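Hi there,

Here is the structure I promised to pass on to you. Have a look at it first, and then read my notes underneath.

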Amino acid sequence: MHDYELVQDWVAFATVAGAAAASLTGLLFVAVSIRIDVIAPSPELRNRAAQTLLLFGTVVVISIVLAIPSQADGPLGAELVAVGVMAGAGMLALDHRARSGADGSGAETIGHVLDVIAPNSVTSVLVLVSGALIAAGVHAGLYVLVVPIIAALVGGVASAWLLLTRTGA
């Protein structure tokens, strides 16, 4: 079996993960719009919401990369490493902005909870590790990719829920 044939076995997984992430992105926009009066004035909550959006966006991009037809391990691995690096850099920048935007209004409490439950670094690091393994020809890297995708989806849902239910009165 050629490398690209093994990757093609993952297209159904990519389709399901990408569709779930895209749908959950819609949920996030609804949650933020419902609580816009609390989230908009808070730099911390805005940046935490952006981190959640980045989690879902990362899953969508991974799904697109996995669904590219006839792709060999080397290019797929390199693409996943790039996604992991970009997601990690984005998460770090948003985290820095969220921490520097804490204004003492009580939003930092919910911000801290979002920071704890959102698997930002786990997602970025494991996507990067998965990409490196795949690029090296280790097919188990595809299985490693399952963990950050599930973590991003579950953590993103929890973040959207908290933004909806725990922000303000």
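This is a predicted model, so confidence is a good place to begin. Across the protein chain the pLDDT averages 86, and 83% of the residues score at least 70. Where is confidence lowest, and where is it highest? Helix α6 (residues 107-117) has the lowest mean, 61, whereas helix α8 (residues 141-144) has the highest, at 94.

Next, a pair of helices. Two packed helices are described by the angle between their axes and the distance between the axes. For helix α4 (residues 43-66) and helix α5 (residues 73-100), the axes come within 8 Å and cross at roughly 175°. Angles over 145 degrees count as roughly antiparallel, which means that α4 is roughly antiparallel to α5. What kinds of residues make up the contact of α4 with α5? There are 15 nonpolar, 4 polar and 6 charged residues in it.

Staying with helix α5, find Met-91, which belongs to that helix. Is Met-91 buried or exposed? Its relative accessibility is 4%, and buried means under 20%, so Met-91 counts as buried. Leaving out residues up to four places away in sequence, Met-91 touches Gln-51, Leu-54, Leu-55, Asn-120 and Ser-124. Ser-124 is 33 residues from Met-91 in sequence, yet their C-alpha atoms are 8.4 Å apart in space.

Now go to Thr-25, in helix α2 (residues 11-34). Thr-25 is buried too, with a relative accessible area of 16%. What does the side chain of Thr-25 reach? At 2.8 Å from it is the backbone oxygen of Ala-21. Beyond its neighbours within four places in sequence, Thr-25 is in contact with Leu-53 and Phe-56.

Phe-56 also turns up in my last stop, Leu-153, as one of the residues that Leu-153 touches. Leu-153 lies in helix α9 (residues 146-165) and, at 14% relative accessibility, counts as buried. Which other residues does Leu-153 touch, not counting those up to four places away in sequence? They are Ala-20, Ala-21, Leu-24 and Val-59. Ala-21 is the residue whose backbone oxygen the Thr-25 side chain reaches, so try showing Ala-21, Thr-25 and Leu-153 together on your screen. You can also look up Thr-123: it is 30 residues from Leu-153 along the chain, with 9.9 Å between the two C-alpha atoms.

Happy exploring, and best wishes!

Conventions. Residues are numbered from 1 along each chain as its sequence is written. This is a predicted model: local features need pLDDT of at least 70, side-chain atom pairs count only at pLDDT 80 or more; totals for chains, interfaces and linings use all residues. Side-chain values use heavy atoms; hydrogens and water are left out. Helices (H or I, at least four residues) and strands (E, at least two) are DSSP runs, numbered from the N terminus. Buried means under 20% relative accessible area, exposed over 50%, partly exposed in between (1.4 Å probe, protein chains only). A polar contact is a pair of N or O atoms within 3.5 Å; within protein, one must be able to donate a hydrogen and the other to accept it, and residues adjacent in sequence count only if both atoms are side-chain atoms. Contact means heavy atoms within 4.5 Å. Axes are lines fitted to C-alpha atoms, for helices over the stretch in contact, and angles run from 0 to 180 degrees between N-to-C directions. Angles under 35 degrees count as roughly parallel, over 145 as roughly antiparallel, 65 to 115 as roughly perpendicular and the rest as oblique. Ala, Val, Leu, Ile, Met, Phe, Trp, Tyr, Cys and Pro count as nonpolar, Asp, Glu, Lys and Arg as charged, and the others, Gly among them, as polar. pLDDT is the predictor's confidence in each residue, from 0 to 100.
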